[in-house]
Amino acid sequence: MPEEAKVLKIDYEKCTGCRLCELVCSVHHDGVSNPMRSRIKVVKWEADGIYVPMACQQCEDAPCLNACPAKAISRNVEMGRVEVDYAICIGCRTCVSVCPFGAMNFNSIERKVSKCDLCDGDPQCVRFCEVKAVDVVTEGDLSLPKKRQAAEKIVAAGVRSAVLEAESH
Amino acid sequence: MALNRKIGYVDLTTGEVDVQPIPLEARKKYLGGRGLDAYLLYNHTKKGCDPLGPDNVLLISGGLLTATCASATARTHVMAKSPLTGMLGSANMGGFFAPEMAWAGFHHLVIRGKAKKPVYLYVHDGTIEIRDAKHLWGLSTTDTQWAIREELGDEEVKSCVIGQAGENLVRFANVMTGVKNAAGRTGMGCVMGSKNLKAVAARGTMDINIAHPVEALEYNKGFIDQITSAKVNQTQGTLGTPFIWGATNSWGGLRTRNFQLNQLEYADDIEPERLDEIATETIGPHHMTGCFGCQVHCRAQYRIPSGPHAGKYDEGPEYTSQGAFGAEPECRSAETVLTGNHLVDQYGMDNLEVGSLIAWAMELYELGIINKKQTGGLDLRFGNDEALLEMTERIAFRKGWLANALADGGIPASEKIGKNSFDYLIQVKGMSNLHSDERATPALALNIATASRGSDHLRSRPAIDLYHLPEAVLRKIYSSPIPYEGPLSSEHTSYEGKPWQVFWQENCYMAVDCLGICKYHTVFLGATLPNFEDWPKVIYYNTGLEMTPEEIWEAAERCNMLERMFNLREGLARTDLKKGDMLNHRYFDEPCLRGAPGVVGLTIDRKKFKQMVDEFYTHKGLDKTGKPKAATLKRLGLAKEPSHLV
Amino acid sequence: MAVDKRKKSTSESLRNTRTYGKFRCHNPSCMGRLQPEGGQGEVQCPECGMAFRVAWIRPDFPRIRGPVWEVNRKLAEEALKNKEGN
């Protein structure tokens, strides 16, 4: 059985909004600093201090793959990603318009689309994010931490209601 | 690459815009950021120019490493002749503005003249446009930024702006970006206001080529790890800069009741841990935010928990706001600190100046030097939280006789108030001090007395002097890159070797400000953070520029000398209480009454202080009056200034 | 280029002087190493007698929250009396 694929796990509550992920993404892929080239983007509501890193979800039933008229987008099972074959890509940007997350980018300097390739297994955004707002986990583990978080809240609520119950007597 | 970023010259009177490259020679001599700004200021202003007139230049810049793959290359520097001090005006802020300006193709803006009506600049991919700002005039710092985004239809635009305080020419108004990042000292926002310039907006999508991207990325990983693994930064990343409060208040280093005490007792409600609890209660457990590319994330987020501004979002408060709205006016309520912080952020004023001047006025009021008629009916005694916040608002709008006087800064206000009010004013070169009390720390006293922009902790403070580090460790830090064999002392009350430490830190902080990185990433609050020996690698991998630690040191020394030359041109005189390297008499005459046993009873010794200044001047290559010797100017290549390279 | 990859800089070589789980007394003339027990709320410096309230950044990361006010005040008053007596 093949090794389970790794996926990006984004926990926006932890994001400090520093955008180091954008910087290292563009330096790693293109050798330049330019967030416009970054495959990951921190979307911000600065007036309320909310920051959400957005990147490709490598969808199972990927709209970009389905919509591509040139069939330039395919799934690479081994790498656990959806990827673009630039030899075939015609640069029509259909994938950009259909992606529900805005995760397919258009690079206005090289005039081609670009998306997260998980850095061939060692995502730099994850490597540099010390607060782990962006992390990489195996697909099967994705929901376990969320379950635990939710369970903690239930336990806390249970304790609190028990206290209130005791106090009322 | 970073070296091809440009200088944009803007004349607001004529509307002319000119874009020029930065010659490599200027880069090597002045690096960038604050250093190159100092060169531009010296070259583009004339002696005695009116700080609020069209001939003053406003300089806004990023550093040599801005937006490159170093760490926390987020700093924006702002410089001009100061309307507060009449000397060097210089302020530095974090956030996201300078990187955006660098992606838009610029490292420096030189703005002169005065627009006929309110305008703002839009810097976008190699171009600079002057746009109408009538609709922005009167707005707060944040509302201005959001309105510009809406107008330009681009949420990624970053702006540095002024609030109402800058429009009203409050002489210590800030230039601000984001919710609370402030270039907050020496009134750079007032200069902007005087030019009818409400904002500078930037948006860029231009590549900054990294000279050696693979090495830069790898080196940066280790560099970040060196920075974030320091205990001091882990603490900052949890509590923000208020973390210093606990230590400083324990040993007695907080200037309280203007200058009467050196400790704010029983102030548990504004301790960092309590502020952290409030932030957690109002925002959630992950309530820290950071500047561009920084993993220290020292900025807390909060909503005001109660009072008339309850529910408003802001960031910080920094240690400085704890002092301004806590220690100095002797207030002990978290609500006051958080509200005061919000007001100065929104109006765009220097919290240090506001807190310090109001505390001064409080002492004058209690002494009967000013009366209730002059305060506009306010009972301006220490510990009156409501009066403190009301006076803060009045200063921003220059409302009432006293607020209007204070809005002109300490020295002009003391002239209006008269009597012996000046004797109580805690300032150097016309700029108020931070709420730190330097009577037990000669090194820190020398630092504020000689700092180029006036009483200031971010220009040359050897903060690690308080850590009682073994002499061997001090020796290791302070004898590189330039050998030093003179005395060094682990004892914070000693006068031995302190001038060298101040000289070393002055060059260290200048280098950092030229590179455009943050002081929490160098030897400031932590002894094990990077400095001269680490920077050549960062510079080389990112820009391709080859520099040795000694060359970086020399460039920093040169830039510091230029700042001194500017101050000398504008009237710096060694022992002048208003324009000199001199401290208020209270440092020498009034002993510390609180704090650690070794601190209680201390003052600064006049004779030893004079000796320290002499020694500091010798290290810098100055004569006894504080002027550079001809040999020093020749060694640093400054004999022919102004030389107009740019 | 004069970038020596092997040579450690001063900051890198000083890194192993960092200690976790301890802090220093906040009396800058003392700076004795203090190591509170997990969760301990107050600690007194055996060297100089100053007492501090302890906060915990993480379960393994203590720091001084502030002084124990009564002790701090008493030490300051004694020190002032001694100095004035001299």
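## Domain contacts, chain contacts and strand pairing

In chain B, 33 residues of domain 1 are in contact with 26 residues of domain 2 of chain B. The model is predicted. On the side of domain 1 of chain B that touches domain 2 of chain B, helix 4 (141-152) and helix 5 (164-167) of chain B each supply at least two residues. Helix 5 of chain B provides the largest share of that side, three residues. By class, the residues on this side of domain 1 of chain B are 13 nonpolar, 17 polar and three charged.

These two domains belong to a division of chain B into domain 1 (2-203), domain 2 (249-432) and domain 3 (442-635). The centres of domain 1 and domain 2 of chain B, taken over C-alpha atoms, are separated by 26 Å.

A second set of contacts lies between chains: 34 residues of chain C are in contact with 46 residues of chain B. Four elements of chain C each supply at least two residues of the side that touches chain B, namely helix 1 (10-14), strand 4 (51-58), strand 5 (61-67) and helix 2 (69-85). Helix 2 of chain C gives the most to that side, with seven residues. The class counts for the two sides described are set out below.

| Side | Nonpolar | Polar | Charged |
|---|---|---|---|
| Domain 1 of chain B, touching domain 2 of chain B | 13 residues | 17 residues | three residues |
| Chain C, touching chain B | 19 residues | eight residues | seven residues |

Strand 4 and strand 5 of chain C, which each supply residues to the side touching chain B, also belong to a sheet. This open sheet of chain C has three strands in the order 3-4-5, with antiparallel pairing. Its edge strands are strand 3 (42-44) and strand 5 of chain C, each of which pairs on one side only. On average, neighbouring strands of the sheet are turned by 45 degrees against each other, direction ignored. Six bridges connect strand 4 of chain C with strand 5 of chain C in the antiparallel sense. In this part of chain C, C:R58 stands opposite C:F61 of strand 5.

In chain B, strand 6 (residues 106-112) is largely enclosed by the rest of the structure, because seven of its seven residues are buried. Which strands are joined to strand 6 of chain B, and in which sense? Strand 1 (residues 6-11) of chain B runs parallel to strand 6 of chain B, and six bridges join them. B:D11 stands opposite B:R112 of strand 6. Strand 3 (residues 58-61) of chain B runs antiparallel to strand 6 of chain B and is joined to it by four bridges. B:S61 has B:H108, in strand 6 of chain B, as its bridge partner. Strands of a sheet pair through backbone hydrogen bonds, in either a parallel or an antiparallel sense.

Chain A has five helices and nine strands. From the N terminus on, its elements follow the order β-α-β-β-β-α-β-β-α-β-β-α-β-α. Chain A has a radius of gyration of 20 Å, whereas a compact globule of 169 residues would have one near 15 Å. Along the principal axes, the C-alpha atoms of chain A fill a box of roughly 75 × 40 × 25 Å. Of the 169 residues in chain A, 36% are buried. Among the contacts in chain A with a separation of 6 or more, 56% come from residues 24 or more positions apart.

Definitions and conventions:
Residues are numbered from 1 along each chain as its sequence is written. Chains are lettered from A and ligands numbered from 1 in the order in which they are written. This is a predicted model: local features need pLDDT of at least 70, side-chain atom pairs count only at pLDDT 80 or more; totals for chains, interfaces and linings use all residues. Domain bounds come from an automatic or database domain assignment. Two residues are in contact if their C-beta atoms, placed from the backbone, lie within 7 Å. Ala, Val, Leu, Ile, Met, Phe, Trp, Tyr, Cys and Pro count as nonpolar, Asp, Glu, Lys and Arg as charged, and the others, Gly among them, as polar. The radius of gyration is taken over C-alpha atoms; the globule rule is 2.2 Å times the number of residues to the power 0.38. A residue is buried if 20 or more other C-beta atoms lie within 10 Å of its own, exposed if 12 or fewer, and partly exposed in between; C-beta atoms are placed from the backbone. Two strands pair if DSSP finds at least two bridges between them. Axes are lines fitted to C-alpha atoms, for helices over the stretch in contact, and angles run from 0 to 180 degrees between N-to-C directions.
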